[in-house]
Structures are given as C-alpha cells and as structure tokens.
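Student: I have a model open and want to test the terms used for it. Can we go through them one by one?

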Amino acid sequence: MSTNTILIKTTSSDNVGIVANALGLSEGTVLQDGIILSQYVPSGHKVALCDIAFGEKIIRYAQTIGFANKLIKKGEWIDESKMSLPNPPDLKFISLPDAFESKIEPLEGYTFEGYRNSDGSVGTKNVLGITTSVQCVAGLTEHLVKKIKQELLPLYPNVDDVVALNHTYGCGVAINAPAAIVPIRTIQNIATNPNFGGGIMVIGLGCEKLRPETLLPQKKEGVATDSDAYSSITYMQDDSFHGFNDMVDGIMKTAETHLKSLNKRKRETCPASDLVVGMQCGGSDAFSGLTANPAAGFATDLIVRAGGSVMFSEVTEVRDAVHLLVPRTINSSVGSALLDEMKWYDEYLLQGQVDRSANTTPGNKLGGLSTIVEKALGSIIKSGTSPIVDVLGPGEKIRKKGLSFAATPASDFVCGTLQLASGMNMHVFMTGRGTPYGLSMVPVIKVGSNSTLSQRWFDLIDLDAGQIATGKKSIEEMGWELFLLILDVASGKKKVACDILGLHNDLVLFNPGPLT
C-alpha cells in the first residue's frame, strides 16, 4: 500500500474499504494486496476489495448493506447505483433478551457547574422561555422577544437569553385524536425543560383548542417548590387590553417579574450524573460511522458510567440495525418497547406510501452513504456499548438514568425538538456534510466527522473528530475530549459555535394526527 493512501476497512469480514484521503484517490492508485483502482474514487466512498458477483452481499461493519445489482470488479468504486437494498430485519424473528443486571464500571469525580431546580433537575443555561398555545400568537412572541432583549435583558446579567417557543400547533387540529398526544405532550414537556428554571410564560390567543393552562409546568406531589419559580398565562383576547401596545406593555411587566426571579439563580457544583445529553447526527457521511459517532458513543459510555443520562433517537436510522440493539436492552419489556416503536413507524411510513429508504438524502450519497442500511449501522454507533434501560415514545419525558432510546423521526429539527421535550440539558450533534443546526434553549456541540469540513467550517464546528480517520487521535482520545467539552459547555466555561453566531433552528413538532 502506498504511504499516501488511506483506506479504512471497518471489520475483517468487510469486502469494501472507505477512501479517507481528503481529495479521494485517482485511477491507477495501488492499494494493499496489490488492488489497483480502476477509476477515481471520492473521499468517503467505497472500493471493492474483491470481485463481487451479481446478487452477492456488499458488507460493511460486518453487516450486509446491499446486494450487487451487477458484477463489481475488485478496485471498482461502489456507489448506490450498483447496489440494491436488502429487506429490513423482520421484527417478528428478533429474540427478546432475558433480564440481566448490567455491571458498569463507575466513573467518579466529574462535575459541572449547573443551575439546580426544585424538582432535582439541573439546567446548563438560565433562560426565560415564552411558549405559545397556538401558532396564531407567534408574531406577538417574536415582537416580545426582540423588545425584551433590547430593553430588559441587559438589566439581568445572570439570565442568558429569552426565547420564544413557537410552534405550528394549537388549533385547526383534531385535538382529541389518539395521535394528538404526541404534539401536545411535546409542547407540555418542552415547557418543563431544566434550562427554564421551573417556570414559563405562556401566551395564548383565547379561542384555541389547545388551552394555555394545560401547558403550565405541573408541580409534582411531594416535591419542594421554589417560591421564586413560577409560571404565568396571558391571553391576547383578554378584554382588559386596550390596543396592541397596551397588551405588549402588560406582558413586558410580567416578563420583568420572571427575569427578576431567574436573575437570582446561581450556578453550583453538580455531579456529572445530572447530565441529560441528547445524541443526534445530521448531514451524515461515510466518515460519521468511523469517527464522530464512535467518539460520541465513547462519550455516551463515560456519561452513563458517571451516572448520567443519554438518549439517542431517529427511528429510520435505527430500523435496519435494531437486531443489534435489542440484545442490549435490559429486559424483555424494554426490548419489546423498542420493537414496538419500529413497528409503529413502519406502519406510519406505509400510510404515507413510502418506506425507510426515503431517509437517505442526496448529501448522504455524495458523502459515500449508499443505502439507509449503511447509514443506520453508522448511526447507532453513537449509542456506545451501554445497556439500553428505557424506550421513550415521541415527546415523552426521560424516566431513568442511563441510556434511553427516544423514538423520533430522523429529521434534524424534529428530532431536536423532541429530545428537548424529553428533558435534555446538553445536545451533541455529529455532522459530515455540514449544517448550521442549533437550538437556542440548550447548548449544541457540533462534531465534524471529517477534517476537511471541520477546517473549512472552523467557526461552525466545535470539535474535529476527523482526526480519527487520519490516525492523529484514537476514538478513546476523542471520546474523552468530547466528554470534557460537554462538562465545560454545561458549566458555561465554553460557548458553542451556534450560540456565538446566534444560529438557532425553529422548533418543529412531530404531528402524526389529522388537521381539521
């Protein structure tokens, strides 16, 4: 093998290798075992390491990612045009595990500086949240946020931000349809995110189906309350308001009361067990499963060992690898719940006359991911090796410490919205193609899967995991670096790129229910 070529083979049983050279490899390049490239192969794309006959398996990660739809010669570039998609794992034939007691080596002594709430949760930001009961009032909340930031926020230095939790739900919907529970509990649970300090402002119109009072954070019975944390409701249709400016002035006074309360909050030393981290990937490429996701998986295991909570998601990016995850669930109930989420989503996609193959994007394919199977096998690596202790439905609140699967669509902004509802106080987002994705409510650490992207987007990417592909750093080294970065960002010692630049996505609800 020439010293200037880098070809990555994930397991000994793979019959393809991934070109890791930033500029790709040219026709005639000699690889290991005397393999000669028959054509130019771009960075991140697959090379056949042997002749693959028509109908034979194409193997990466020791799993079948497709079948050759023509004879593929050794040294040939393999892209999606030369592959047919295998069937997904048959859910009926995946065996459920017996209950077992997981033995995890504890990781002690790691802390961060967070904002502890009266319910025991911990915030990593100190944010005034203004949620809406219906999209009709979004114009008002946007106006209010701008005005509060200009006139009030500078007076309260301990408050990090004020954000409008606008969404597209609330009226013109079948509010009692079974599937309506998904968007409703998502909005309700976002309002209880730890970064809002136990209180929220709710602004409603007054005539909507989703009643504003149902969105207030509910105090748990037997849990001490913080007298400084409270919530408020304002109706635009309130008869006491005389004109728009009078309405704004009244809400500004309410906002100032909230800000005074939030300004009293102080960071205190909290154990790493108070972390609730959402792991997500978007704009993935062939390096995602080799660098960024394995590093995130290593960090996941560290957080779990420290007693913290991690969730991974994206059903269509789990579906083709679910047979590898069910054996990691702690008992048959959790395993069955995981399979149930896969089945529900299969049926949901079928109603829309598509299947999980609709997931892969043009960018994924340009980055070397030929099929959803290949994408899924690389995606689940961010879950590490820890036991899966629970499965959450879309928008459900996290219930247990450890690793949970939170069922969500794979769409970046929908997944992020649902993980926010599940209670994450830190977000880690891996990308290979690049995306400006960010959330205003929770810090989002962006991890680049290849150094070309990380260097080109030097002020958008927080951590370059591409160093793993070139051998500069190991997965373990990069995993520890990510774990320590999570603690620093959670403590407010470091600021993520999307917060520095003010790049934040809108909240996007998952609404499988009908509109009326």
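Student: Why is lysine 382 called buried?

Tutor: First, note that this is a predicted model. Lysine 382 has 1% relative accessibility. Buried means under 20%, so lysine 382 counts as buried.

Student: Where does lysine 382 sit, and what does it touch?

Tutor: Lysine 382 lies in the loop between α8 (372-379) and β17 (388-392). Leaving aside residues up to four places away in sequence, lysine 382 touches Met279, Gln280, Cys281, Asn293, Ala296, Gly297, Thr300, Glu314 and Met430.

Student: What makes the pairing of lysine 382 with serine 379 a polar contact?

Tutor: The two side chains come to 2.7 Å. The cut-off for a pair of N or O atoms is within 3.5 Å, with one able to donate a hydrogen and the other to accept it. The pair is therefore a polar contact.

Student: Is glutamate 317 buried or exposed?

Tutor: Its relative accessibility is 3%. Set against the limit of under 20%, that value makes glutamate 317 buried. Glutamate 317 is in the loop between β16 (309-312) and α5 (322-325).

Student: Which side chain makes a polar contact with that of glutamate 317?

Tutor: The side chain of lysine 375, at 3.2 Å. Beyond four places in sequence, the residues touched by glutamate 317 include Cys281, Asn359, Ser379 and Ala410.

Student: Why is α4 called oblique to α11?

Tutor: Helix α4 (residues 292-305) and helix α11 (residues 475-490) pack at about 60°, and their axes are 8 Å apart. Roughly parallel needs an angle under 35 degrees, and roughly perpendicular runs from 65 to 115. The angle fits neither class, so α4 is oblique to α11. The crossing of α4 over α11 is right-handed.

Student: Which residues make that contact?

Tutor: On α4, they include Pro294, Ala295, Phe298 and Leu302. On α11, Trp480, Leu482, Phe483 and Ile486 are among them. By class, the contact has 13 nonpolar, one polar and one charged residues.

Student: How do you know that α9 is largely enclosed by the rest of the structure?

Tutor: Count the buried residues. In helix α9 (residues 412-422), 10 of the 11 residues are buried, so the helix is largely enclosed. Asp412, Thr417 and Gln419 are among the buried ones.

Student: What do the buried residues of α9 pack against?

Tutor: They pack against α2 (181-190), β15 (276-281), β16, β17, β18 (402-406) and β19 (426-431).

Student: Which residue just after α9 takes a positive phi?

Tutor: Glycine 423, with a phi of about 110°.

Technical notes:
Residues are numbered from 1 along each chain as its sequence is written. This is a predicted model: local features need pLDDT of at least 70, side-chain atom pairs count only at pLDDT 80 or more; totals for chains, interfaces and linings use all residues. Side-chain values use heavy atoms; hydrogens and water are left out. Helices (H or I, at least four residues) and strands (E, at least two) are DSSP runs, numbered from the N terminus. Buried means under 20% relative accessible area, exposed over 50%, partly exposed in between (1.4 Å probe, protein chains only). Contact means heavy atoms within 4.5 Å. Axes are lines fitted to C-alpha atoms, for helices over the stretch in contact, and angles run from 0 to 180 degrees between N-to-C directions. Angles under 35 degrees count as roughly parallel, over 145 as roughly antiparallel, 65 to 115 as roughly perpendicular and the rest as oblique. A crossing is left-handed if the near helix is turned anticlockwise from the far one by less than a right angle, and right-handed if clockwise. Ala, Val, Leu, Ile, Met, Phe, Trp, Tyr, Cys and Pro count as nonpolar, Asp, Glu, Lys and Arg as charged, and the others, Gly among them, as polar.
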